[in-house]
Amino acid sequence: MVKYRRAFTDNPDQLYFLTIVTRERRRYFTTRDHYAALYRAWTAKLKNVDGDLEAFVFMPDHQHVVVKQGTISFSKTVGAVKRELNKILSPKGKSIWQERYWEHMIKNDDDYRLHVDYIHWNPVKHGHVNSSDDWPYSSFQSYVDRGIYTCDWFVKDDVVVPGSGGE
Ligand code: NI
C-alpha cells in the first residue's frame with residue numbers, strides 16, 4: 001500500500017491543485033508585468049522538468065493552479081517559482097509568500113473538472129469581476145479557445161462550484 005502510494009505521487013503525469021497565498025495576504029500582484037512574470041516563472045520551471053501548467057488563476061494576494069508535476073516533485077517547482085518572484089518583487093526584503101500552501105492530488109477526471117472550474121470561477125468568487133471572461137490573468141480564455149467553455153460560462157450566482165480549494 002505504502003509502495004503504491006509512493007509510486008503514484010512520483011508519477012510525472014500526476015496533477016496537483018495548489019493554492020498559494022502571499023504573506024499576510026498582501027496584494028503584491030498589481031500590474032500586468034507582475035502577472036506576466038509569475039506566468040513565465042511557472043511555465044519555464046515546469047518546462048524544465050516536462051511538467052505543465054494545466055490551469056491557473058493569478059490574483060493580487062493568492063493564486064490557484066493545476067500543475068502536471070513532471071520529473072521532480074511539484075513542491076520543488078513551487079519553491080523555485082516562489083524564489084523567482086521574490087527576486088523580482090522583493091529583491092532585498094522578506095519573502096512575499098506565506099510559507100505553507102494548500103495542495104490536493106487530483107484523483108480522476110471529475111475531480112480535475114471540479115478544480116479547473118473552481119479556478120476559472122475564482123475571480124468572480126473573490127469579487128474581482130462579474131464574469132470569468134473579464135479576468136485576464138487566468139487560463140480561462142485558452143479553455144474557451146479549445147471549446148471547453150463558452151465565454152459566458154460563468155454567470156454570477158448561476159453556477160455552484162463545490163470544494164473549498166483552501167481559499
Ligand atoms: Ni481563491
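Trainee: In what sense do β1 and β3 pair, and over how many bridges?

Mentor: Strands of a sheet pair through backbone hydrogen bonds, in either a parallel or an antiparallel manner. In this predicted model, β1 and β3 are antiparallel, with seven bridges between them. Two facing positions serve as landmarks: leucine 18 lies opposite valine 65 in β3, and isoleucine 20 lies opposite glutamine 63 in β3.

Trainee: How many bridges join β2 to β3?

Mentor: Six bridges link β2 to β3, and the two strands run antiparallel. They form a hairpin, with three residues between the strands. To locate the register, take valine 57, whose bridge partner in β3 is histidine 64.

Trainee: In what order do the strands of the sheet stand, and why is one side of β2 and of β4 left without a neighbour?

Mentor: The open sheet consists of four strands in the order β2-β3-β1-β4, with antiparallel pairing. β2 and β4 (102–105) are at the edges and have a single partner strand each, so one side of each has no neighbour in the sheet. On average, neighbouring strands of this sheet are turned by 15° against each other, direction ignored.

Trainee: Which strands of the sheet does α4 touch?

Mentor: Helix α4 packs on the sheet and touches β1, β2 and β3; its direction makes about 35° with that of β2.

Trainee: Is β3 mostly covered or uncovered?

Mentor: In a regular strand, side chains alternate between the two faces of the sheet. β3 is mostly covered, with six of its seven residues buried.

Trainee: How should one read the length of helix α4?

Mentor: Compare its reach with the expected value. α4 comprises residues 109–125, 17 residues in total, and extends 23 Å from its first C-alpha to its last, close to the 24 Å expected at 1.5 Å a residue.

Trainee: Where does α4 bend?

Mentor: The bend, of about 35°, is at isoleucine 119, and proline 123 follows within four residues. Just after the helix, glycine 127 adopts a positive phi of about 80°.

Trainee: Which residues of α4 are buried, and what do they pack against?

Mentor: An α-helix has 3.6 residues a turn, so residues three or four places apart point the same way. In α4, the buried residues include His115, Tyr118, Ile119 and Asn122. Also among them are Val116, Asp117, His120, Trp121, Pro123 and Val124. The buried residues of α4 pack against β1 (15–21), β2 (52–58) and β3 (62–68), as well as α5 (140–145).

Note on methods:
Residues numbered from 1 in each chain as written. Predicted model: local features only at pLDDT ≥ 70, side-chain atom pairs only at ≥ 80, totals over all residues. Expected span 1.5 Å × (residues − 1). Bend = angle between axes of the 7 residues up to and from the residue. Buried ≥ 20, exposed ≤ 12 C-beta atoms within 10 Å, placed from the backbone. Contact = placed C-beta atoms within 7 Å. Pairing = 2+ DSSP bridges. Axes fitted to C-alpha atoms, helices over the stretch in contact; angles between N-to-C directions.
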